[in-house]
Amino acid sequence: METLTTEEKAYLLEKIRDIPDFPKPGIIFKDITTLLKDPKAFGYLMNHLEDRYKEMDIDFVAGIDSRGFIFGAALADRLGKGFVPIRKQGKLPYTTIGEKYALEYGFDEIEIHIDAFACDKERPNVLLIDDLIATGGTATAAANLIDKSGANCIEACFILGLDFLRGDRELKKITPVYTVLEVH
Ligand code: AMP
């Protein structure tokens, strides 16, 4: 498997824009729209993800609402696999199963269609993907939801990791974690 060169990583990082105090004071929002609109950057990234995952025994790619849909759907198409959305509560139209997770204040919930991973395999392999891992709460809930749905989360993949938050600590207990770019 080819790894990204230091220059390619630097190019990708440079294309992610920092928006201070969004959506609330104290948060530096990592804006990936500036990466997506640059075909060279998006191309480096998608080539790398395709190369990493093309030999793995993946049956579905599952993306987390909402920026995980962009990378997940593009990757699923490149791998010739199905794409499954994991959505915020109340957004999916068919029967769902959900998983609650704790926020700083209160709870949130993500959902998946009950038949999302129905196929001819008893326990299909699912690659989970999102744009960013911060505290890891959303992704850990998503990996638990995949398990509850009767599938196996083969890996959780993030374009960007805020590694000072150590958000992958809990997640690593249930699935391997791969982060393309780290912010220290
Ligand atoms: P967490 O559950 O704390 O790991 O948060 C991850 C989710 O929130 C992902 O779906 C991210 O898209 C989003 N998110 C959290 N922090 C940021 C940030 N600083 N910049 C952009 N997105 C973020």
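These legends accompany close-up views of a predicted model of one protein chain.

**Figure 1. The whole chain, with six helices and nine strands.**
The radius of gyration is 16 Å, close to the 16 Å that the globule rule gives for 184 residues, so the chain is as compact as a globular protein of that length. Its C-alpha trace spans about 40 × 40 × 30 Å along the principal axes. Buried residues make up 45% of the 184 residues. Among contacts with a separation of 6 or more, 57% join residues 24 or more positions apart.

**Figure 2. The surface and charges of the protein chain.**
The chain exposes about 9800 Å². Carbon and sulfur atoms supply 50% of that area. There are 23 positive and 31 negative side chains. The centres of the two sets lie 3 Å apart.

**Figure 3. The largest nonpolar core, with 27 residues.**
Leu45, Leu49, Tyr53 and Leu75 have the most contacts inside this core. Three helices and three strands each supply at least two of its residues: H1 (6–15), H3 (39–53), H4 (67–79), S7 (125–133), S8 (152–162) and S9 (177–183). Helix H3 gives the most, with five residues. In soluble globular proteins, nonpolar side chains tend to be buried together.

**Figure 4. Leu45 and its contacts.**
Neighbours within four places in sequence are left aside here. Leu45 is then in contact with Leu12, Leu35, Phe71, Ile159 and Val180. Apart from the core of Leu45 lies another core, of 25 residues. Tyr101, Ile110, Phe117 and Ala151 are among the residues of that other core.

**Figure 5. Leu145 in helix H5.**
Helix H5 covers residues 137–148. Leu145 counts as buried because its relative accessibility is 0%, and buried means under 20%. Leaving out residues up to four places away in sequence, Leu145 touches Ile86, Ile97, Gly98, Glu99, Ile110, Glu111 and Ile112. One of these partners, Glu99, is 46 residues from Leu145 in sequence. The C-alpha atoms of Leu145 and Glu99 are 6.1 Å apart.

**Figure 6. Gly106 in the loop between strands S5 and S6.**
Strand S5 covers 96–102, and strand S6 covers 107–113. Gly106 is partly exposed, at 41% relative accessibility. Gly106 and Thr140 are 34 residues apart in sequence. From C-alpha to C-alpha, Gly106 and Thr140 are 17 Å apart in space.

**Figure 7. Two cis peptide bonds, at Phe22 to Pro23 and at Asp65 to Ser66.**
Most peptide bonds are trans. The bond from Phe22 to Pro23 is cis, with omega near 0°. Pro23 lies in the loop between strand S1 (17–20) and strand S2 (28–31). The bond that joins Asp65 and Ser66 is also cis, and its omega is about -5°. Ser66 lies in the loop between strand S3 (60–64) and helix H4.

**Figure 8. Positive phi at Asp21 and Arg166.**
Most residues other than glycine have a negative phi. Asp21 has a positive phi, near 60°. Asp21 lies in the loop between S1 and S2. Its relative accessible area is 49%, so Asp21 is partly exposed. Arg166 also has a positive phi, of about 50°. Arg166 lies in the loop between S8 and helix H6 (168–171). With a relative accessible area of 47%, Arg166 is partly exposed.

Conventions:
Residues numbered from 1 in each chain as written. Predicted model: local features only at pLDDT ≥ 70, side-chain atom pairs only at ≥ 80, totals over all residues. Heavy atoms only, no water. Helix = DSSP H or I, 4+ residues; strand = E, 2+ residues; numbered from the N terminus. Rg over C-alpha atoms; globule rule 2.2 N^0.38 Å. Buried < 20%, exposed > 50% of the residue type's maximum accessible area, 1.4 Å probe, protein only. Contact = heavy atoms within 4.5 Å. Areas by Shrake-Rupley, 256 points an atom, 1.4 Å probe, with all protein chains shown as cover. Lys, Arg positive; Asp, Glu negative; His and termini not counted. Charge placed at Lys NZ, Arg CZ, Asp CG, Glu CD. Core = buried A, V, L, I, M, F, W, Y, C linked by side-chain atoms within 4.5 Å.
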